[in-house]
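The following exercises concern the contacts, core and overall form of a structure with more than one chain. Each task is followed by a worked solution.

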Amino acid sequence: MPNDPTQTALPRLDPRDWDSHPSYLYPGYRSTAKRGPTQPLIPLKASLGELRQPVYGHDCIGEFDHDLTRNARRNGEPLGERMILTGQVLDERRRPVAGTLVEIWQANASGRYVHKVDQHDAPLDPNFLGAGRCMTDSEGRYRFLTIKPGAYPWGNHPNAWRPQHIHVSLFGQHFASRLVTQMYFPGDPLMQYDPMVTGTPEKYRNRLVADFTLDVTEPDYALGYQFDIVLRGADETPFENR
Amino acid sequence: MMSALETNFGQTPSQTVGPYFAYGLTATQYGYDFDQPFDAVLALDGASGERIRLEGRVIDGDGNTVFDALVEISQPDGQGRYPASVDEARAIGFRAFGRCGTGTDAQHRFVFHTVKPGAESPGEAPHVNVIVTMRGLLLHVFTRVYFDDEADANARDPVLASVPAARSPTLIARRVEEGGAVRYRFDIRMQGADETVFFDV
C-alpha cells in the first residue's frame with residue numbers, strides 16, 4: 001500500500017544541530033574549496049521518504065565482520081596494538097538506537113590504508129584489511145576488536161599528518177539521521193594541527209574523542225576505548241523496521 | 001557514558017568520509033576481498049515499476065568529475081512502496097536503498113539499477129532521495145532527483161515549489177531511451193552557476 005502520511009502519527013526528526021558540525025567550506029582543509037556547496041541549503045521538512053532508513057538484516061553481518069584482527073588473516077595475526085572499540089549509539093533524547101548498522105574502516109598499525117590510491121610509504125599488513133561492521137544491540141551498543149591505527153602524512157599542507165583515527169558510518173533510525181564521522185584517541189598531539197578536527201566547532205570537538213578505559217580493556221589481551229555516538233532523534237518511536 | 005558526553009551531550013559532529021572509504025563501504029564494487037551490505041542494484045526480479053538506470057557524475061567547482069564520491073539513494077518502488085523489512089524487500093523484489101562509489105566506472109559516474117519510483121503520497125511528484133559525500137565534504141549533502149517526464153506532477157510538488165525557480169532544473173533528471181533501455185541522467189554539481197540544490201533535511 002502506498003504510504004499515506006495522513007494515516008499514521010509520524011515521528012518528526014529533530015533538526016540537524018548545525019552548531020555541532022563543521023561547515024562545508026573550511027580554508028584549512030583545502031579540498032573543501034572546490035567541493036563544499038556555496039549556496040544556502042533549502043529547508044525540507046522531513047517526509048516519510050526522509051524518515052526511512054535502509055532495511056538490512058543480521059544476515060549482512062559475517063561471523064568475523066566485527067573482528068578486524070581476524071577478518072582478513074592470510075598467514076597469521078595482524079601486527080600492532082590490539083584494541084577494543086565499543087560504545088553506545090544514542091539519539092538526542094538519550095534513547096539507545098538499536099539495530100543500527102555501524103561500519104568502520106581505518107589504516108593499519110603503520111598508518112597505511114589498503115586502499116589502492118594510498119601511496120604512503122609504510123608497509124601493508126597481509127593480515128589486516130581494516131574494514132568491519134556490526135549492528136547495535138537492544139541497548140544501542142556496538143563492539144569491534146581491531147588494531148590501533150597509525151598516524152600518516154597527507155598532502156593538505158607541508159608536514160601534514162592525520163591524527164590516529166577510525167572512520168565510522170551509521171544510519172540510525174532514519175535516512176536523514178545518517179552520520180559519517182571519525183573517532184580520535186585521547187591525548188593525540190596531532191589533533192591540534194588537523195584541519196578536520198579544527199574545522200569542527202571547538203566546543204564540540206571532544207565528542208569526537210574516545211575515552212581510554214580499563215573497564216573495557218581486557219587483561220593480557222587488548223586496550224579498551226569507549227566511543228559513544230549521538231544521532232538525530234525523533235519525537236516518538238518510529239515504525240518498526242525489521 | 002563517554003566523558004565528553006557527560007558534560008557536553010549532543011549530536012556527534014560529522015567528519016569527512018575521506019578518500020579511502022572504498023574497501024570499507026563499497027568493497028565488492030571496488031574489488032576488495034570483503035562484502036558490502038548495499039550496492040547499486042535496488043531492483044531485483046519482480047520489482048514493480050519501469051526498469052531504469054539512474055546515472056550521473058558528481059562535478060566539483062572546477063568542472064572536474066569527482067572520482068572519489070560516495071552516492072547513496074533511497075526511493076520507493078513503482079507503486080510508491082518502501083519495504084519495511086528484509087523479508088518484505090525480498091518479497092517485492094525491491095531494496096529501496098542503494099550505494100555506489102564513483103571510482104570504478106570509466107567515466108566516474110554513479111550508476112544505479114532501479115525502477116522509476118511511484119509517488120509516495122498524493123500531491124508529491126516521484127523522486128529519489130540522495131546522499132552525497134566525499135573527501136572535501138566535512139558533512140554529507142542531501143538532494144533529490146525528480147524526472148523530466150513528470151512535468152505535471154513536478155509542477156504540483158511542494159518541495160520543488162519551495163526551490164527558487166531558477167535553481168529547480170538542477171533537481172530534474174533527463175530521460176534517455178536507447179536500444180529499449182531507459183536511463184535517467186542526473187549530474188550533481190557541488191558549486192558554480194548551476195550548483196545543485198541541496199536540502200536541509
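**Exercise 1.** Determine how many residues of chain A are in contact with chain B, and describe the side of chain A that touches chain B.

*Solution.* In this predicted model, 76 residues of chain A are in contact with 68 residues of chain B. The next step is to assign that side of chain A to secondary structure. At least two residues each are supplied by strands E1 (42-43), E3 (101-106), E8 (165-170), E9 (179-184) and E12 (229-231) of chain A, and by helix H1 (48-51) of chain A. The last step is to sort the residues on the side of chain A that touches chain B by type: 38 are nonpolar, 21 polar and 17 charged.

**Exercise 2.** Identify the strand of chain B to which E1(A) is joined, and state whether the two run parallel or antiparallel.

*Solution.* The partner of E1(A) is strand E11 of chain B, residues 199-200. The two strands are joined by 2 bridges and run parallel. At residue level, Phe199(B) in E11(B) stands opposite Ile42(A).

**Exercise 3.** Name the residues with the most contacts inside the largest nonpolar core, and list the contacts of Leu170(A) beyond its neighbours within four places in sequence.

*Solution.* The largest nonpolar core has 113 residues. Those with the most contacts inside it are Leu170(A), Val58(B), Val71(B) and Val132(B). Once neighbours within four places in sequence are set aside, Leu170(A) is in contact with Val89(A), Thr100(A), Leu101(A), Val102(A), Leu179(A), Ile229(A) and Leu231(A). As general background, nonpolar side chains tend to be buried together in soluble globular proteins.

**Exercise 4.** Decide whether Thr28(B) is buried or exposed, and locate its contacts.

*Solution.* Thr28(B) lies in the loop between helix H2 (22-25) and strand E1 (51-56) of chain B. Thr28(B) counts as exposed because it has 12 C-beta neighbours inside 10 Å, and the cut-off for an exposed residue is 12 or fewer. Apart from neighbours within four places in sequence, Thr28(B) is in contact with Asp35(B), Gln36(B) and Asp39(B). Asp39(B) is 11 residues away along the chain, and its C-alpha atom is 8.5 Å from that of Thr28(B).

**Exercise 5.** Assess how compact chain B is for its length.

*Solution.* Chain B contains 5 helices and 11 strands. Its radius of gyration is 18 Å, close to the 17 Å that the globule rule gives for 201 residues, so chain B is as compact as a globular protein of that length. Along the principal axes, the C-alpha atoms of chain B fill a box of roughly 55 × 40 × 40 Å. Buried residues make up 53% of the 201 residues. Finally, of the contacts in chain B with a separation of 6 or more, 70% involve residues 24 or more positions apart.

Definitions and conventions: Residues numbered from 1 in each chain as written. Chains lettered and ligands numbered in written order. Predicted model: local features only at pLDDT ≥ 70, side-chain atom pairs only at ≥ 80, totals over all residues. Contact = placed C-beta atoms within 7 Å. Helix = DSSP H or I, 4+ residues; strand = E, 2+ residues; numbered from the N terminus. Nonpolar A, V, L, I, M, F, W, Y, C, P; charged D, E, K, R; others polar. Pairing = 2+ DSSP bridges. Buried ≥ 20, exposed ≤ 12 C-beta atoms within 10 Å, placed from the backbone. Core = buried A, V, L, I, M, F, W, Y, C linked by C-beta atoms within 7 Å. Rg over C-alpha atoms; globule rule 2.2 N^0.38 Å.
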